[in-house]
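Biologist: I have a model open on my screen and would like to know how its labels were earned. Could you take me through the reasoning?

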Amino acid sequence: MASGKTVKQEGPQSYDIGAGPVGLMLSTCLARWGYKIKHIDNRPEPTRTGRADGIQPRSLDLIRNMGLKADIMAHKPARVYEVAFWDPSQSGQGIARTVTWASCPSFIDARYPFTTLLHQGHIERVFIRDLEKHGVEIQRPWTIRGFRSDQKDDPDYPVHVELGHVDGGIFETVRAKYLFGGEGARSLIRQQLNIGIKHRDPIQHVWGVMDGVVKTDFPDIKVRSPATLYLMKCIVHSEHGSIMVIPREDNMVRLYIQIASSTDANWNPRMTATEAEVQASAKKILHPYSIEWQRVEWYSVYPIGQGISDRYTLDQRVFLGGDACHTHSPKAGQGMNTAFLDALNLAWKIHAVESGFADRDLLKTYESERKSAAESLLDFDNRYAKLLSQRQPAPCGVRAASADDEETDEFQDNDFIKTFKESCEFTSGYGVSYGANSLNWSPNHPAKSPLMHPKGTKLTPGSIFINSDVTRVVDANVVHLEQEVPLNGSFRIFIFAGSPCVTRQALLDFANGLSGTRSFYAAYTRPDVGMVSHHESHNPHSLFFTLCTVLASKRSRIEISRDVPGVLARYREHIYADDIWDRRVPNAKAAAHAKMGLDEENGGVVVVRPDGYVGMVASLVEGNGTVDALNDYFSAFCTKKLGQVVSQL
């Protein structure tokens, strides 16, 4: 690189490399929470064609919680509700549809039971616009040249980063608190850290991928007008190979097309193919149906393999995420969704540490939680990709199916369809969970209160908080409880208050305990509490907690001044009536309580982490026991010793 002008900068709290989904999610969260971000990308502009395009149901929940869902849906993305499976026909001539299955079956309690399909460039631009609103611009096209991290040399800004314009001539040296590498599978940051990648199996299959507008008589791709395309996601196995059909925006279709396998006589894992060769493979696989391309926007050829980084960080200052630490096939639509959760997991933990709420050791849970999730993904993807690339047997019957289908007939799912069905919860995002640690309570947790994890609860620490509908008392709006607190870095404390006539004293004791002399809540009172506007609904007392009270009563019977005591009443916009019927618990009088597995009379308290995962569940009882249980839980990772005398609110 040519020598040139060098500029020194100091002071970013986070330095982000790579403006793909993982980097943009991380920067967006931290910028919203007030952190100074420097973000570079070596591309001159956002993604123009190709790459990831699938937003799974859980990720759409997250995007809605960030207030960005409307911006995504404004692009009119395709929605996949159902998947059609095609296999070699019994006659031996061509292919036949054998079964259909819900993309997100009804046994998954999803708000959005479909996969949203949209060009990655559109998704990136939604995040980029939000970053610009918060004063962050992506610096393009710049690249990292090197870095070092030395806590002893500079405890405030231990990461020194050298970067330069891709054309040379201008260089910068930046000091930062953190460095994040989301720059993809060939991560320079990972290489400089000497962190290896473990690959599962040798490459056995090569696939092509092509985005474009097609003309076809294949039944599950139907063009009914010049501007409207109707199609399902399809998975096709034939004697000539396999294809996956994915609907896209703007009348386009994405086809994943099998090109070669290790059983071929001329097998080469590094083989390539021209656009015409990829199309020829597709035509053979889809026979007897015809397909022609009216326009090709993008195509590529790639081998299928799974790999995972040995480490995600070495010092809790320099981190990796997204494709920089896990690679897999794109077939199950997991890459961007996994990247989003990597970034969110790290973002709120950095925020908790840098704001003085949590011990620095909390950052160690980023690697343990997200690497475990990636291991599960790679195990699934390894099985899924192998079965997708194998020729499946001819079917003995045809049917449509759903999660509620209890029919027994002669139809037998092949191994690929079985794997698809068994993995739906995981691929939707709702099945991703984290193991026991300081954040996710277990019997081995330091918090030993007998009130922890009451018998019968359906909530699992380390798993996503269950969706429920309730009525907001102040305005009678029926709302999604899990969406009521926006993604703002706060823990959500849900007080399921049971029947007011039964729990009145327990609720009063809990409220007094929160605002009294021994509370985790009072220990982290915001310094400007006396100047907070009365319009502040989420964090009037603490920047780290939002309190939500759910009473097992009809809204018309609830009087906040009578039924909701003390500090809980300050959160007027977060007081709810549990009076909405739910088909999953049809006989429950208080469906939200019932879905959580909490007693409808006596209630309970649920701590939900800032990323929407359950941290702990406790019984709601009279006296100090419930607040003491929460004190013990937060003491496992917070900076202050809780349960001691602190100032009263």
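Modeller: Gladly, and keep in mind that this is a predicted model. Let's start with Glu-484 and Arg-472, which are both buried.

Biologist: What makes Glu-484 and Arg-472 a salt bridge?

Modeller: Their closest N and O atoms are 2.9 Å apart. The rule asks for a side-chain nitrogen of Lys or Arg within 4 Å of a carboxyl oxygen of Asp or Glu, so a pair at that separation qualifies. Glu-484 sits in the loop between strand S27 (478-480) and strand S28 (491-498), while Arg-472 belongs to strand S26 (residues 469-472), and the two are 12 residues apart.

Biologist: Why would such side chains pair at all?

Modeller: Side chains of opposite charge can pair when their charged atoms come close. By the rule above, the count comes to 32 salt bridges.

Biologist: How do you know that Lys-38 and Glu-172 tie together parts that are far along the sequence?

Modeller: Lys-38 lies in strand S3 (residues 37-40) and Glu-172 in strand S12 (residues 170-176), so their salt bridge joins parts 134 residues apart in sequence. The closest N and O atoms of Lys-38 and Glu-172 are 3.2 Å apart, again within the 4 Å limit.

Biologist: Are Lys-38 and Glu-172 buried or exposed, and how do you know?

Modeller: Buried means under 20% relative accessible area. Lys-38 has 9%, so it counts as buried, and Glu-172 has 8%, so it counts as buried too.

Biologist: What makes Arg-140 a partner of Asp-41?

Modeller: The closest N and O atoms of Arg-140 and Asp-41 are 3.1 Å apart, which makes a salt bridge. Arg-140 is in the loop between strand S9 (138-139) and strand S10 (142-149), and Asp-41 is in the loop between S3 and strand S4 (54-55), 99 residues apart. With a relative accessible area of 19%, Arg-140 falls under the 20% limit and is therefore buried. Asp-41 is buried as well, at 6%. Both belong to a network of salt bridges that links Asp-41, Arg-43, Glu-124 and Arg-140.

Biologist: What is the peptide bond from Arg-140 to Pro-141 called, and what is its omega?

Modeller: That bond is cis, with omega near -25°. Pro-141 lies in the loop between S9 and S10. A cis peptide bond also joins His-287 and Pro-288, where omega is about 15°. Pro-288 is found in the loop between helix H6 (275-286) and strand S21 (291-303). As background, most peptide bonds are trans.

Biologist: Now the helices. Why are H8 and H9 called roughly antiparallel?

Modeller: Helix H8 (residues 364-389) and helix H9 (residues 415-422) pack at an angle of about 150°, with their axes 9 Å apart. Angles over 145 degrees count as roughly antiparallel, so H8 and H9 get that label. The crossing of H8 past H9 is left-handed. Phe-380, Arg-383, Tyr-384, Leu-387 and Leu-388 of H8 meet Asp-415, Phe-416, Thr-419 and Phe-420 of H9. By class, that contact has 6 nonpolar, 1 polar and 2 charged residues.

Biologist: And what makes H2 and H7 oblique?

Modeller: The axes of helix H2 (residues 57-65) and helix H7 (residues 335-354) come within 10 Å and cross at roughly 45°. Angles under 35 degrees would be roughly parallel and those from 65 to 115 roughly perpendicular, so H2 and H7 are oblique to each other. Their contact is made by Ser-59, Leu-62 and Ile-63 of H2 with Asn-337, Phe-340, Leu-341 and Leu-344 of H7. It has 5 nonpolar, 2 polar and no charged residues.

Biologist: How do you know whether Asn-194 is buried or exposed?

Modeller: Its relative accessible area is 69%, and exposed means over 50%, so Asn-194 is exposed. Asn-194 also has a phi near 60°, a positive value in a residue other than glycine.

Biologist: Why is Ala-476 called partly exposed?

Modeller: Ala-476 has 39% relative accessibility, which lies between the 20% and 50% limits, so it counts as partly exposed. Ala-476 lies in the loop between S26 and S27, and its phi is near 65°, also positive.

Conventions. Residues are numbered from 1 along each chain as its sequence is written. This is a predicted model: local features need pLDDT of at least 70, side-chain atom pairs count only at pLDDT 80 or more; totals for chains, interfaces and linings use all residues. Side-chain values use heavy atoms; hydrogens and water are left out. Axes are lines fitted to C-alpha atoms, for helices over the stretch in contact, and angles run from 0 to 180 degrees between N-to-C directions. Helices (H or I, at least four residues) and strands (E, at least two) are DSSP runs, numbered from the N terminus. A crossing is left-handed if the near helix is turned anticlockwise from the far one by less than a right angle, and right-handed if clockwise. Contact means heavy atoms within 4.5 Å. Ala, Val, Leu, Ile, Met, Phe, Trp, Tyr, Cys and Pro count as nonpolar, Asp, Glu, Lys and Arg as charged, and the others, Gly among them, as polar. Buried means under 20% relative accessible area, exposed over 50%, partly exposed in between (1.4 Å probe, protein chains only).
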